[in-house]
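Visitor: I would like to learn how to read a structure like this one, feature by feature. Could we begin with a single residue and work outwards from there?

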Amino acid sequence: MQVDLAYGRTGLRVMLPDENVDIVEPVDLPGVADPLVALRESLCQPIGARPLSELAGAEDTVAIVFCDITRPAPNHLMVPAILAELAHIPRENFVLINATGMHRPNTEDELRGMLGEEVVANYRIVNHDSTDKSQLRYLGETSSGGPVWINTHYLDATVKILTGFIEPHFFAGFSGGAKLILPGIAGADSVMHNHNAAMIGHPKATWGHLEGNPIHCEQREAAALCPPDLSLNVTINKRKEITGVFAGEMLQAHAAGCSFARRSVMRPVAEPYDIVITTNSGYPLDLNLYQAVKGMSAAYQVVRQGGAIVIAAECSEGIGHGHFEDLLQERETPAALLDLINSPGFSRFDQWEAQILAQILLKAEVHLYAENLSDQSIQDAHLTPCRSIEETVTALREKFGPGARICVLPMGPLTIPYIAEPALATV
């Protein structure tokens, strides 16, 4: 059979066997008929909050937080929709904050692509820097002892607005909501605590889990110390079209968006697979290997112990974060790497991604198709190079037997498969 995988900007078409192959995708919801109308209606009738146009007067200063380039959020629609509702406020009273977390700053060209020429030309935009203490203010500690350092541009605004994109997240449960504050505009010390080894290793720090998830709970605590006046979240389909809009009080709007997203992205399967073929949802999510761990984690949910994951991720920016690459090379095996990260007192930027990758590799071998990475770079990351998905699948079928069961996640982590509990027999 022919299958189209989300890969880079162009996609990747592969030929797979016709037998014992299951294609698992999100429910393909249609985009809203008119995104601008849907956004305006949500901003005028927000959940648990006053209409946006009533929240700010001409004398107010307004901070709007938006997702960075690693997320396919429709910033070019959401931010202008907010600005239109606040047209009575002078442009110089706005600051738009790029919620980079601990990612790299985005270039001016990237910001133009993300926000549109008119917004970039007429509004002040700040790339958040988690390591610049002059840009941060300390607000206190969470109940688990995490220090809360938050961007001062956000804190100093009299009206605070978050914009986000709700998708399943491999350790925070879902993106959007409080995640735009921590890690989005938080200091490095705050992120390091929120993503520490104990938090990442918690059984409820995984896809689709919010209640009881220590990472999500701490993010909510941090946000409660500097709550936004309004939160605007959207969901999208595989064509990057907006399928749902959820504006309002942060917790209520986020809960509504997550409930909506869960119904389309959480997909049950009957039993684990020998081979899982996945992606990292294409551009911009597959810019680097660091981000591509998410696609592997989605496959991890339904691959059997001792099975194989095959992932296609373009990695046009290479491995990604420097600390991630260095950390992967510090130990010769995934088990040794996991021991290092879990050792008392260990703390290193990007350790969470390495920790999750090591956990995946203890369950299944991972074959990576990435045209922009050398075989040596892939091997240094404890992965197996793949130059043809078809040839790799053929070899794996020979290894596991012709009856090997294959699962394909063409959209990668935009689909979260899970093993369904067997139905109880009725008498």
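Guide: Let us begin with Ile 360, which touches Val 293, Met 296, Ser 297, Tyr 300, Ile 309 and Val 366 when residues up to four places away in sequence are not counted; contact here means heavy atoms within 4.5 Å. Please keep in mind that this is a predicted model, in which local features need pLDDT of at least 70 and side-chain atom pairs count only at pLDDT 80 or more, while totals for chains, interfaces and linings use all residues. Residues are numbered from 1 along each chain as its sequence is written, and side-chain values use heavy atoms, with hydrogens and water left out.

Visitor: Where does Ile 360 sit, and is Ile 360 buried or exposed?

Guide: Ile 360 belongs to helix 14; helices (H or I, at least four residues) and strands (E, at least two) are DSSP runs, numbered from the N terminus. Burial is judged by relative accessible area, with buried meaning under 20%, exposed over 50% and partly exposed in between, using a 1.4 Å probe and protein chains only. By that scale Ile 360 is buried, since its relative accessible area is 1%. Its C-alpha lies 9.8 Å from that of Val 303, a residue 57 positions away in sequence.

Visitor: How many residues of helix 14 are buried?

Guide: Of the 11 residues of helix 14, 10 are buried, so the helix is largely enclosed by the rest of the structure. Among them are Trp 352, Glu 353, Ile 356, Leu 357 and Ile 360.

Visitor: How should I describe the way helix 11 passes helix 14?

Guide: Two packed helices are described by the angle between their axes and the distance between the axes. The axes are lines fitted to C-alpha atoms, for helices over the stretch in contact, and angles run from 0 to 180 degrees between N-to-C directions. Here the axes of helix 11 and helix 14 come within 10 Å and cross at roughly 35°. The crossing is left-handed, a term used if the near helix is turned anticlockwise from the far one by less than a right angle, whereas clockwise would make it right-handed.

Visitor: Which residues make that contact?

Guide: Helix 11 contributes Tyr 290, Gln 291, Val 293, Met 296, Ser 297 and Tyr 300, and helix 14 contributes Trp 352, Glu 353, Ile 356, Leu 357, Gln 359 and Ile 360. By class, the contact holds eight nonpolar residues, three polar and one charged, where Ala, Val, Leu, Ile, Met, Phe, Trp, Tyr, Cys and Pro count as nonpolar, Asp, Glu, Lys and Arg as charged, and the others, Gly among them, as polar. As background to such lists, an α-helix has 3.6 residues a turn, so residues three or four places apart point the same way.

Visitor: How many cavities does the search find?

Guide: On a 1 Å grid over the protein atoms alone, a cavity is a set of points where a 1.4 Å probe fits but cannot get out, and lining residues have an atom within 4 Å of a point. Grid points are joined across faces, edges and corners, and a volume is the space filled by probe spheres set on the points. The search of the whole structure finds three cavities of 30 Å³ or more, and the largest holds about 360 Å³. It is lined by 28 residues, of which Arg 71, His 103, His 169, Lys 179 and Pro 183 are the closest to its centre. Strand 9 (159–165), helix 11 (289–300) and helix 14 (351–361) each give two or more residues to this lining, and helix 11 gives the most, with three. The lining comprises 11 nonpolar, 11 polar and six charged residues.

Visitor: What kind of peptide bond joins Leu 182 and Pro 183?

Guide: That bond is cis, with omega about 15°, and Pro 183 is found in the loop between strand 11 (173–174) and helix 7 (188–194). A cis bond also joins Tyr 283 and Pro 284, with omega about 5°, and Pro 284 is in the loop between strand 15 (273–279) and helix 11. Ser 281 is also placed in the loop between strand 15 and helix 11; Ser 281 has a positive phi of about 70° although it is not a glycine, and counts as buried at 2% relative accessibility.

Note on methods:
1 Å grid on protein atoms, 1.4 Å probe; cavity = no way out; pocket = protein on both sides within 12 Å on 5 of 7 lines; lining within 4 Å.
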